[in-house]
Amino acid sequence: MLRLSAASLCLLAKRSMSVVVDEACAPRLRLALVRHGESMNNVHEAVSEAAYVANRHADPDLSPRGYRQADALGGFLANASRSKFLGVHPVDEVWVSPHRRTLLTVAPFAAASGHRPRVNTKLFEAGGVYDANDAYDAFAARGGLTRSEMAARHPTYALPDEVTEDGWYAPPTPGSGKETDDECRDRALGVAADVHYDFICAFLDALVAPATRGPFLRWRHWNTAITVVDVDGATGAASFVAQNAVAHLLDERDPALLSGFPL
């Protein structure tokens with residue numbers, strides 16, 4: 001039985017039924033995977049690799065543009081009429097990764113819709129939360145937001161027991177500091193659904209090309225882009241409804257809101 005997973009920002013889930021001729025209806029799960037808004041690390045990365053290494057933060061905040069993207073996303077998804085083409089309404093559940101940038105990205109939607117996002121510690125970005133040296137070849141794991149910090153900043157979110165006063169992140173290989181790409185792929189094969197850039201790539205590969213290993217090269221995602229996937233409950237087969245959709249940003253009529261990676 002296929003078990004789904006999501007990592008970067010937040011995942012919206014809609015349970016529905018697919019019609020099967022002359023047979024009982026089979027359950028179908030529709031997932032909307034949403035990348036987080038632009039982070040300050042994204043800003044540095046867009047300048048150069050050197051700027052990224054010199055200025056990156058283990059758990060970065062959103063950039064000013066990222067906050068605008070999150071506001072546009074929240075208003076769009078909370079309005080069933082505007083976002084009806086995605087086919088995700090009514091939304092049954094919202095999952096979000098424990099990274100600071102994803103918690104902030106889903107906040108406007110949660111406030112506008114009344115949903116209580118569920119933090120899932122399996123949905124984090126590839127690599128996890130870590131500091132790096134100047135050569136970017138030695139890494140030290142950081143715990144991420146503590147339970148008290150997360151609860152104070154997002155009091156309506158449902159926090160799992162894995163979020164403690166020491167944070168929530170520990171690398172899968174003790175002492176390694178940073179999760180590898182293939183360790184992220186293994187996690188995406190065995191989790192259950194929401195999302196970051198690399199984790200979305202790993203998750204989609206897990207659905208359509210599970211033998212893929214190494215770097216994340218098959219998919220591209222704008223910041224706050226929406227990808228909608230249907231998963232057949234009987235067979236595990238996946239079909240795409242939308243990929244890298246950014247109607248909520250285009251509606252703002254400001255090309256400067258687009259950031260990240262296009263198709």
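Buried here means under 20% relative accessible area. Arg187 has a relative accessible area of 10%, so Arg187 is buried. The model described is predicted. In the protein, 52% of the 263 residues are buried. The protein has 8 helices and 8 strands. Contacts between residues at least 6 apart in sequence were also sorted by separation. Of these contacts, 66% join residues at least 24 apart.

The largest nonpolar core contains 29 residues. Within this core, Leu86, Val119, Met150, Tyr157 and Ile226 touch the most other members. Six elements each supply at least two of the core residues: strand E2 (26–34), helix H3 (64–78), strand E3 (93–96), helix H4 (100–113), strand E7 (226–232) and strand E8 (238–245). H4 gives the largest share, 4 residues. A further core of 19 residues lies apart from this one. Its members include Cys184, Phe203, Leu204 and Val229.

The surroundings of Val119 can be listed in detail. Residues up to four places away in sequence are left out of the list. Val119 then touches Val96, Pro98, Leu103, Met150, Tyr157, Ala158, Leu159, Pro160 and Val163. Met150 and Tyr157, contacts of Val119, are also among the core residues that touch the most other members.

Helix H3 contributes to the largest core. Its 15 residues should span 21 Å at 1.5 Å a residue. The C-alpha atoms at its ends are 22 Å apart, which agrees. Buried positions in H3 are Gly66, Gln69, Ala70, Ala72, Leu73, Gly74, Phe76 and Leu77.

Aromatic pairs number 9 in the structure. One of them joins Phe124 and Tyr169. Their ring centres are 5.4 Å apart, with 75 degrees between the planes, and the pair is edge-to-face. This pair links distant parts of the chain, 45 residues apart. Phe124 sits in the loop between strand E4 (118–119) and strand E5 (130–132). Tyr169 sits in the loop between helix H5 (147–153) and helix H6 (181–190). Phe124 has a relative accessible area of 7% and is buried. Tyr169, at 7% relative accessibility, also counts as buried.

Tyr136 and Phe139 make another pair. Their ring centres are 5.2 Å apart and their planes lie at 85 degrees, so this pair is edge-to-face. Here the rings belong to partly exposed residues: Tyr136 has a relative accessible area of 24%, and Phe139 stands at 26%. Together with Tyr52 and Tyr130, Tyr136 and Phe139 form one aromatic cluster.

Charged groups sit over two of the rings named above. The charged end of Arg56 lies over the ring of Tyr130, 4.2 Å from its centre. The charged end of Arg187 lies over the ring of Phe124, 3.5 Å from its centre. Arg187 thus joins two kinds of interaction: its charged end sits over Phe124, and its side chain meets Glu179 in a salt bridge (2.9 Å, N to O). Glu179 is buried, with a relative accessible area of 2%. Arg187 is buried too, at 10%.

The count of salt bridges is 11. One of them pairs the side chains of Arg142 and Asp131, at 2.8 Å from N to O. This pair links distant parts of the chain, 11 residues apart. Arg142 lies in the loop between strand E6 (139–141) and H5, whereas Asp131 lies in strand E5. Arg142 is partly exposed, with a relative accessible area of 39%. Asp131 is partly exposed at 31%.

A further salt bridge joins Arg213 to Asp182. The closest N and O atoms of this pair are 3.7 Å apart. Arg213 is in the loop between helix H7 (197–208) and E7, and Asp182 is in helix H6, so the bridge ties together parts 31 residues apart in sequence. Arg213 is partly exposed, with a relative accessible area of 39%. Asp182 is partly exposed at 28%. Shared partners among salt bridges join Asp182, Asp186 and Arg213 into one network.

Methods: Residues numbered from 1 in each chain as written. Predicted model: local features only at pLDDT ≥ 70, side-chain atom pairs only at ≥ 80, totals over all residues. Heavy atoms only, no water. Core = buried A, V, L, I, M, F, W, Y, C linked by side-chain atoms within 4.5 Å. Buried < 20%, exposed > 50% of the residue type's maximum accessible area, 1.4 Å probe, protein only. Contact = heavy atoms within 4.5 Å. Phe/Tyr/Trp six-rings, centres within 6.5 Å; stacked < 30°, edge-to-face > 60°. Lys NZ or Arg CZ within 6 Å of the ring centre and 35° of its normal. Expected span 1.5 Å × (residues − 1). Salt bridge = Lys/Arg side-chain N within 4 Å of Asp/Glu carboxyl O.
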